[in-house]
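Student: Could we go through this structure together, one topic at a time?
Tutor: Certainly; please have the sequence and the model in view.
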Amino acid sequence: MDKIKKIKGFSDVFSPRSDSYTLLEAKARDIFFRYGFEELRVPILEKTELFARSIGTETDIVQKEMFTFPDRKGRSLTLRPEATAGVARAYIENKIYSSRDISKLYTIGPMFRYERPQKGRQRQFQQINAEILGSTAPETDAELLLMLNSFLRDAGFQKLSLELNSLGCPQCRPDFLKAVSDFLSRQDEEALCPDCRRRSRSNPLRVYDCKINTCREQIKKGPVLTEYLCGDCRDHFQTVKRLLGISGVQYRINPNLVRGLDYYQRTTFEVLSEDIGAQSAVAGGGRYDGLLKDLGGPDLPGIGFACGMERLLLILGEAPNPQSDFFIAPLSQKAKEIGLLLACQLRAKGLRGDVAFEGKSLKSQLRQANKQQAAACLILGEEELTRSTVLLKDLSSGEQSEIRQEDLLTALPLSRQ
Ligand code: HAM
């Protein structure tokens, strides 16, 4: 019979890689908690319209990358390609804004994009996502970036760089878009890809986000967004930069950073790593002050970011193999029973370990204990059973001693971790 294989771009994550995910998530939860964030768990499946309306119909994500399919009643559903749209929907639907002025919400989980898989790019990937809803203050932008910075530093990342831009607001962006349209209409149409030819009329900002080299070269010579900012947007951006400066967070202004999603206004940013090849963005985000209103909610602002866990783990490498405190080697049927009970007692005290129930030889059980990197092997032979003891073999030193079962907890060596 043919074996069933996983879908392209999806992966099975075993330990120790799965432990790395857990450790990174724990770091995020710890830092986010200190910043007053609460966890929100939103569905993985949403109505397609939610993503089309929030991310934008002209974006690569909506046009080419969504896993979209009809449900049994023919309604179009999509596996979430990102979390912000779902968080915004949940916030509006549950009227969270009516009970608090500011909401700080984080969500961790899988996202799905139908992209060409390569190093650091998968069709199912994991994001750590944080959003602050309800604040227009530039201090909020700075605080969110400080939180992202401390999370990344705490998790052990060092060689990362922050790129920053401002995308303006509905007051100043039209002037910029007109300038881009004019600029593009003066260029040789052939130099743009078919998508950008269309976008130059429908959504010119998207040309800045095109990954095709000829389009990138062309738009590099185009108008610079930050030169078109209105007074309010300029002040906002100035304050964010100043606050990052006094907080010691280094950044680089990238005026071409428009991000691949349409909902952004004002502050946008990406965190890049030189160490992981072409897919260098490990985190990205920005302000989306019009999104809640566009989704039928109140006219309230928002800002957030998402980190791609697979890309972060490419830099961080794998967690060390989890180690055990004990491995119980029973040498008879009765010893297996005693071993089962002893293991339960030790685990109840917080220790980690296994019992071998397969009835193998002592030699093979010791080999298994070493393979698991247990700190100690607890041998239960006939003599130990009659004396209510165990033979404790310290697997680091090789020393053996007979210990009364009730003294085990104090006699066990610490695990090798
Ligand atoms: P994004 O830039 O599309 O933003 O994704 C954020 C991060 O997810 C990227 O920087 C990258 O690390 C990771 N990522 C994206 N696609 C893939 C993929 N195919 N494979 C592996 N990792 C990937 C957003 O998703 C926004 N929702 C962020 C945000 C939150 N903006 C405001 N709030």
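Student: What do strand 12, helix 12 and strand 13 make?
Tutor: Strand 12, helix 12 (residues 333-348) and strand 13 make a right-handed β-α-β unit. A crossover is right-handed if, with the strands pointing away from the viewer, the path from the first strand over the helix to the second runs clockwise. Helices (H or I, at least four residues) and strands (E, at least two) are DSSP runs, numbered from the N terminus. Before we continue, note that this is a predicted model: local features need pLDDT of at least 70, side-chain atom pairs count only at pLDDT 80 or more, and totals for chains, interfaces and linings use all residues. Residues are numbered from 1 along each chain as its sequence is written, and side-chain values use heavy atoms, with hydrogens and water left out.

Student: How many bridges join strand 12 to strand 13?
Tutor: Strand 12 is joined to strand 13 (residues 353-355) by 3 bridges, and the two run parallel. Two strands pair if DSSP finds at least two bridges between them. Isoleucine 328 has valine 355 in strand 13 as its bridge partner. Strand 12 also runs parallel to strand 14 (residues 374-380), with 6 bridges joining them. There, proline 330 has leucine 380 as its bridge partner.

Student: Is strand 12 mostly covered or open?
Tutor: Strand 12 (residues 324-330) is mostly covered, with 7 of its 7 residues buried. Buried means under 20% relative accessible area, exposed over 50%, and partly exposed in between (1.4 Å probe, protein chains only).

Student: What about strand 9, is that one buried or exposed?
Tutor: In strand 9, 9 of the 9 residues are buried, so the strand is largely enclosed by the rest of the structure. Strand 9 pairs with strand 7 (residues 160-166) in the antiparallel sense over 7 bridges. Asparagine 165 has threonine 268 in strand 9 as its bridge partner. Strand 9 pairs with strand 10 (residues 281-287) as well, in the antiparallel sense over 6 bridges, and valine 271 stands opposite alanine 283 in strand 10.

Student: Which residue in strand 9 has a positive phi?
Tutor: Arginine 266, in strand 9, has a positive phi of about 50° although it is not a glycine. Most residues other than glycine have a negative phi, and most peptide bonds are trans. Arginine 266 counts as buried, at 15% relative accessibility. Glutamine 373 also has a positive phi, of about 55°. Glutamine 373 lies in the loop between helix 13 (362-371) and strand 14, and is partly exposed at 28% relative accessible area.

Student: And where is there a cis peptide bond?
Tutor: A cis peptide bond joins serine 15 and proline 16, with omega about 10°. Proline 16 is placed in the segment before helix 1 (17-34).

Student: New topic: how many salt bridges are there?
Tutor: A search of the whole structure finds 30 salt bridges. A salt bridge is a side-chain nitrogen of Lys or Arg within 4 Å of a carboxyl oxygen of Asp or Glu. One of them is between glutamate 58 and arginine 198, whose closest N and O atoms are 3.1 Å apart. That pair links distant parts of the chain, 140 residues apart: glutamate 58 is in the loop between helix 2 (48-55) and helix 3 (60-65), and arginine 198 is in helix 7 (residues 194-202).

Student: Are those two buried or exposed?
Tutor: Glutamate 58 counts as buried at 13% relative accessibility, whereas arginine 198 is partly exposed with a relative accessible area of 33%.

Student: Which salt bridge does aspartate 60 form?
Tutor: Aspartate 60 meets lysine 211 in a salt bridge (3.6 Å, N to O). Aspartate 60 lies in helix 3, while lysine 211 is in the loop between helix 7 and helix 8 (213-220), 151 residues apart. Aspartate 60 is buried at 14% relative accessible area, and lysine 211 is exposed at 52%.

Student: Where do arginine 387 and glutamate 383 lie?
Tutor: Both lie in helix 14 (residues 382-387), 4 residues apart, about one turn of the helix. Arginine 387 forms a salt bridge with glutamate 383, with the closest N and O atoms 3.7 Å apart.
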